[in-house]
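Biologist: Could you take me through this model one point at a time, with the cut-offs behind each term? I would like to look at it while we talk.

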Amino acid sequence: MKKILLLSDTHSYIDEKILKHVKQADEVWHAGDIGDLSVTDAIKQLKPLRAVYGNIDSTEARMEFPLHNRFMCEGVDVWITHIGGYPGRYNPSIRQEIYSNPPKIFICGHSHILKVMPDKTTKLLHMNPGAVGKHGFQKVRTMLRFEIDGEKIQNLEVIEFEK
């Protein structure tokens with residue numbers, strides 16, 4: 001079993017409240033718009049990190065992290081990208097792959113809107129953790145925490161912070 005902390009859209013912001021949750025996870029996944037790489041450096045000092053770059057990220061971030069990160073965690077096929085869209089409205093650049101070879105979990109960021117929803121057509125679980133950084137229109141900063149046990153995704157929690 002792995003405890004996952006999923007965050008996105010840090011926009012160069014990290015603090016001790018976020019890092020407290022990082023310490024409780026087995027792995028941290030970042031869905032892009034990292035901002036300053038000191039954010040991912042701080043996470044990597046504590047836990048293994050899987051990340052993608054987002055549209056605001058620098059050349060340095062794009063050299064360190066991929067646009068798409070697809071991997072297996074336990075028995076679950078995971079795909080993380082920054083601008084992915086939502087069930088029924090996927091980004092055109094990935095739509096064909098989503099429908100022909102869907103992962104079990106599809107993760108994106110970008111919108112700053114927390115959403116977790118099943119795609120009934122592909123049977124995947126779409127997750128967007130919202131934004132945990134202070135830049136943006138969101139009124140509440142959010143992250144997700146969940147567990148992967150074999151092929152099961154369980155114990156999903158929303159973590160909220162005041163802006």
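Biologist: How far apart do the end C-alpha atoms of residues 3–149 lie?

Modeller: In this predicted model, local features need pLDDT of at least 70 and side-chain atom pairs count only at pLDDT 80 or more, while totals for chains, interfaces and linings use all residues. Residues are numbered from 1 along each chain as its sequence is written, and side-chain values use heavy atoms, with hydrogens and water left out. The span is 19% helix and 36% strand, where helices (H or I, at least four residues) and strands (E, at least two) are DSSP runs numbered from the N terminus. Its end C-alpha atoms are separated by 9 Å.

Biologist: Which UniProt annotation covers residues 3–149?

Modeller: The annotation comes from an unreviewed entry, and UniProt positions are given in the numbering used here, with feature names shortened and annotations that may be inferred rather than shown by experiment. The record's wording for residues 3–149 is "domain: Calcineurin-like phosphoesterase".

Biologist: Which strands stand at the edges of the open sheet of five strands?

Modeller: The order is S4-S5-S8-S10-S9, with mixed pairing, and two strands pair if DSSP finds at least two bridges between them. S9, for its part, is joined to strand S10 (residues 124–129) by six bridges, and the two run antiparallel. Because each edge strand has a single partner strand, one side of each is left without a neighbour in the sheet, and these edge strands are S4 (68–73) and S9.

Biologist: Is Leu-114 in strand S9 buried, partly exposed or exposed?

Modeller: Leu-114 joins Val-116, Leu-156 and Val-158 in a nonpolar patch on the surface, with about 280 Å² of accessible area together; the areas come from the Shrake-Rupley method with a 1.4 Å probe, and for residues only the protein chains shown count as cover. Patches are made of residues with over 30% relative accessible area and no salt bridge (a side-chain nitrogen of Lys or Arg within 4 Å of a carboxyl oxygen of Asp or Glu), with like charges joined within 9 Å and nonpolar side chains (Val, Leu, Ile, Met, Phe, Trp, Tyr) within 5 Å. Buried means under 20% relative accessible area and exposed over 50%, with partly exposed in between (1.4 Å probe, protein chains only). Since its relative accessibility is 31%, Leu-114 counts as partly exposed.

Biologist: Is His-112 buried or exposed?

Modeller: His-112 sits in the loop between strand S8 (105–107) and S9, and its phi is near 65°, a positive value in a residue other than glycine. With a relative accessible area of 12%, His-112 is buried.
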